[in-house]
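Work through the exercises below with the model open. Try each task before reading its solution.

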Amino acid sequence: MVVSQRDLKSYIWMALLLLVLATNFALYRTPLTEVFLSEETKGVILGSLFDLAIVTPLLIIAIDRKNKFTIKRFIMLMAGGLIFAKLLIPAQHLAPFVGFSYVGFAIEGSIILFELSLIGFLFFLMPAVIRDVRTYDEGLLFAFPKAVQKRVSKHRIVQMIISDLLMFYYAFASWKRPIPVVTNTFTLHKKSSLLAFQIMLIHAIVIETLGIHWWLHEKSMVISIILLILNVYSVVFFLGDIQAVRLNPVRLKEQKLYLSLGLVKQMELSLDDIKSITTDQEELKKKLNAKTTIEFVARDFEEVHPHMILELKKPCTASLLIGFKKQYSRVAIRLDDPIAFKQALQQHLSNE
């Protein structure tokens with residue numbers, strides 16, 4: 001296996017991070033504590049605070065190269081390091097510097113209050129958001145996040161709330177909506193076992209909940225309640241995902257291509273961003289495993305492959321679970337009618 005230089009650097013940073021954490025843990029939570037902290041400890045404590053509040057955040061940022069360095073991110077990690085220091089270092093040793101740990105709690109508390117205020121602001125503006133959604137001529141999966149970003153914020157916590165609101169809407173409030181039947185819409189799931197697979201998972205979760213919850217309740221009430229909440233959330237998610245898949249087919253409209261695979265992933269592409277269409281199977285296999293390729297391929301009981309890959313002129317952003325965003329330079333698609341889709345797409349591209 002060939003390890004790239006970038007991956008090698010990440011492994012080195014990770015090894016250094018583990019070394020920093022392990023040495024600090026050994027210093028305060030092992031028999032070595034009596035050896036190194038038997039006399040004057042201020043210098044040692046300051047060194048540990050520096051490790052946990054400065055060195056550790058920098059190493060974490062160096063490991064996670066996908067997210068750029070920001071002051072906000074560094075401050076959050078620093079606050080987390082100070083809180084961890086309070087939990088790790090014995091109180092009698094930390095006493096002269098206890099104010100530092102309270103700074104960490106203050107920072108984290110301020111961030112939590114800010115995020116809660118954003119959530120409150122979102123619900124306060126929900127009527128205006130719904131009015132904006134009705135003005136968009138595109139699916140709710142695409143219109144609702146746009147309307148929220150316009151009115152409220154692009155903050156990560158807001159994106160997570162958007163994801164959950166869409167999940168609950170599709171799970172409970174969308175069953176009377178008709179499946180859209182308009183020109184230039186193409187389904188992904190009808191010739192697959194995706195919906196059957198999800199229904200099977202729902203049945204398995206319900207049976208597991210009924211069978212294990214009561215037994216586990218006698219052993220540990222807390223664990224049984226946590227498991228019950230997770231199982232209920234999973235059932236709601238799969239119900240919402242089923243409806244999101246059915247009600248949001250692939251759509252070509254006004255030089256835009258709207259791609260979605262339920263609640264799991266969505267992508268809006270301008271046709272100007274499409275460089276080429278690859279349908280050759282050998283080329284598809286080469287491009288499919290690349291990290292820069294996103295797949296809109298419905299899950300099946302047997303292995304399936306995309307019908308085509310769209311090569312993009314530049315990386316474009318896709319929306320993933322719980323509001324995460326990622327850029328891709330290739331889009332792999334498997335459709336129920338790939339020939340009709342390719343003809344319609346080529347016709348739109350030729351009309352530019």
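**Exercise 1. Find the volume and the lining of the largest cavity.**

Solution. The largest cavity has a volume of about 50 Å³. A cavity is a set of points on a 1 Å grid, over the protein atoms alone, where a 1.4 Å probe fits but cannot get out. The volume is the space filled by probe spheres set on the points, with points joined across faces, edges and corners.

The model is predicted: local features need pLDDT of at least 70, side-chain atom pairs count only at pLDDT 80 or more, and totals for chains, interfaces and linings use all residues. Residues are numbered from 1 along each chain as its sequence is written, and side-chain values use heavy atoms, with hydrogens and water left out.

Next, the lining (residues with an atom within 4 Å of a point). Thr187, Leu188 and His189 belong to it, as do Val245, Asn248 and Pro249. Ser260, Leu261 and Gly262 complete the list. Now sort by class: four are nonpolar, five polar and none charged. Here Ala, Val, Leu, Ile, Met, Phe, Trp, Tyr, Cys and Pro count as nonpolar, Asp, Glu, Lys and Arg as charged, and the others, Gly among them, as polar.

**Exercise 2. Count the cavities of 30 Å³ or more, then describe the second largest.**

Solution. The count is two. The second largest holds about 30 Å³ of space. Gln281, Leu284, Lys285, Leu288, His305 and Pro306 line this second cavity. Its lining splits into three nonpolar, two polar and one charged residues.

**Exercise 3. Locate Asn184 and Glu254, and give phi and exposure for each.**

Solution. Start with Asn184. Its phi is near 60°, positive although the residue is not glycine. Asn184 sits in the loop between helix H9 (156-172) and strand S1 (185-186). Helices (H or I, at least four residues) and strands (E, at least two) are DSSP runs, numbered from the N terminus. At 27% relative accessibility, Asn184 is partly exposed. The cut-offs are under 20% relative accessible area for buried, over 50% for exposed, and in between for partly exposed (1.4 Å probe, protein chains only).

Now Glu254. Its phi is near 50°, again positive in a residue other than glycine. The loop between strand S2 (250-253) and strand S3 (256-261) holds Glu254. Glu254 is exposed, at 64%.

**Exercise 4. Check the span of helix H6 and list its buried residues.**

Solution. H6 covers residues 98-124, 27 residues. The expected span is 1.5 Å times one less than the number of residues. That gives 39 Å, and the end C-alpha atoms are 39 Å apart, which agrees. Buried in H6 are Ser101, Gly104, Ile111, Leu118, Ile119 and Leu122. These pack (heavy atoms within 4.5 Å) against helix H4 (71-88), helix H7 (126-135), helix H8 (140-151) and H9.

Note on methods. On a 1 Å grid over the protein atoms alone, a cavity is a set of points where a 1.4 Å probe fits but cannot get out, and a pocket is an open set with protein on both sides within 12 Å along at least five of seven lines; lining residues have an atom within 4 Å of a point.
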